[in-house]
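This briefing covers selected side-chain pairs and packing positions in one protein model. The sequence and structure come first, then the notes by topic.

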Amino acid sequence: MTREWFLDSAITLAVLAGVVALLQVIWVLWRDTQARRARVLARMGSGYGAVAGEDAPQRLMVTDTRLQRVMLRGDISVSESAFRGVLFLLLTVLVLVVLVWGVIAAVLCLATVGVGLWVYWFRRYSARRLQINETLPGIADAIIRGLSAGRTLDNAVMKALDEAPEIYAPLAFRVRSAIEGGRDYVPLFEDFADLYQIPPLVQMAIGLGTGQRHGASVQSVLAQLAESLRGQQQLRRDFMAMTGETRVSAVLFAVVPIALAAYLMLANEEYLQVLLYTPQGNRMLLIAVAFEAVGIFWLYRMVQGVGRV
């Protein structure tokens, strides 16, 4: 270890400390702005953070309502301190990567983390949408049974939601509060459908709204909706079975080149040095990433909609 090495290390640590301090200042200023905004909205009575399903006790504690909505779709609960810690950890790692390997490596790391987080969120979101679509016919049948047993429409809806899976708990809470307060609960179904992009739930809301306003019987509408949803689910299962090989091939074509490139770069340090520290290597790396992105997008478009609800 030479004197120059120690000097370079000291400079690197000093730069890193300065960057971290600057990020802390920016974070404190941003938090103060968000806190003032939250107090103003609270005084105005705007119900800060009032997105679909959030009349129930809050699980999400980050202060950005758009981020709350995204996290609610994926059923992700993160506290303010945990979110801040993960953000600072990610920024620190990126700064270290920039100082050690350069900007190209930092961009690749950031893209990898972003894609990984998006895949994690999208799988959870898709699973929740699938659960809602699969259980919606049962809710329609429960409402029909309640009406056949002599209950009013409001009581039948409330009873059906109380017996529904846990994913409907926020909607059940808001509907019960609206019914007990004498308010219209149909917009709550529309908000819940908009949150998870469930068109059949909008159709159910239209039927319930018609029955609530005009006193018409909604049993036939709900029965047809439940039958239609079951038919769609059966078609989806058959289609998934027929296209299983295509979807697996698409995943392999998208993942194998990335994994092979990562292995080659890690196994051969000289190859990695050429890619990261020479203009020709940077151009090769950018071209490879561009072609891989185009290929993934093309495969995604080919299988888009397969098995989706």
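Contact here means heavy atoms within 4.5 Å. The model is predicted, so local features need pLDDT of at least 70 and side-chain atom pairs count only at pLDDT 80 or more, while totals for chains, interfaces and linings use all residues. Residues are numbered from 1 along each chain as its sequence is written, and side-chain values use heavy atoms, with hydrogens and water left out.

**Packing around Ala160**
- Ala160 lies in helix α5, which spans residues 153–162; helices are DSSP runs of H or I with at least four residues, numbered from the N terminus.
- Apart from neighbours within four places in sequence, Ala160 contacts Ile139, Ala142 and Ile143.
- The C-alpha atoms of Ala160 and Ile143 are 5.8 Å apart, with the two positions 17 residues apart along the chain counted as their separation.
- Ala160 is buried because its relative accessibility is 3%; the classes are buried under 20% relative accessible area, exposed over 50% and partly exposed in between (1.4 Å probe, protein chains only).

**Surroundings of Arg128**
- Arg128 belongs to helix α4, residues 103–148.
- With a relative accessibility of 14%, Arg128 counts as buried.
- Outside the four nearest places in sequence on either side, the contacts of Arg128 are Leu72, Arg73, Gly74, Asp75, Ile167 and Tyr196.

**Salt bridges**
- Side chains of opposite charge can pair when their charged atoms come close.
- A salt bridge is a side-chain nitrogen of Lys or Arg within 4 Å of a carboxyl oxygen of Asp or Glu, and the structure holds six of them.
- One of these joins the side chains of Asp141 and Arg230, at 2.3 Å from N to O.
- That pair links distant parts of the chain, as Asp141 is in helix α4 and Arg230 in helix α9 (residues 219–242), 89 residues apart.
- Arg230 is partly exposed, at a relative accessible area of 38%.
- Lys159 and Glu163 form another salt bridge, with 3.7 Å between the closest N and O atoms.
- In this pair Lys159 is partly exposed at 38% relative accessibility, whereas Glu163 is exposed at 52%.
- Glu180 and Arg176 also meet through their side chains, at 3.7 Å from N to O.
- Glu180 and Arg176 are about one helical turn apart because they sit four residues from each other in helix α6 (residues 169–180).
- Glu180 is exposed at 60% relative accessibility, and Arg176 is partly exposed at 30%.
- Asp75, Arg124 and Arg128 are joined into one network by salt bridges that share partners.

Technical notes
Helices (H or I, at least four residues) and strands (E, at least two) are DSSP runs, numbered from the N terminus.
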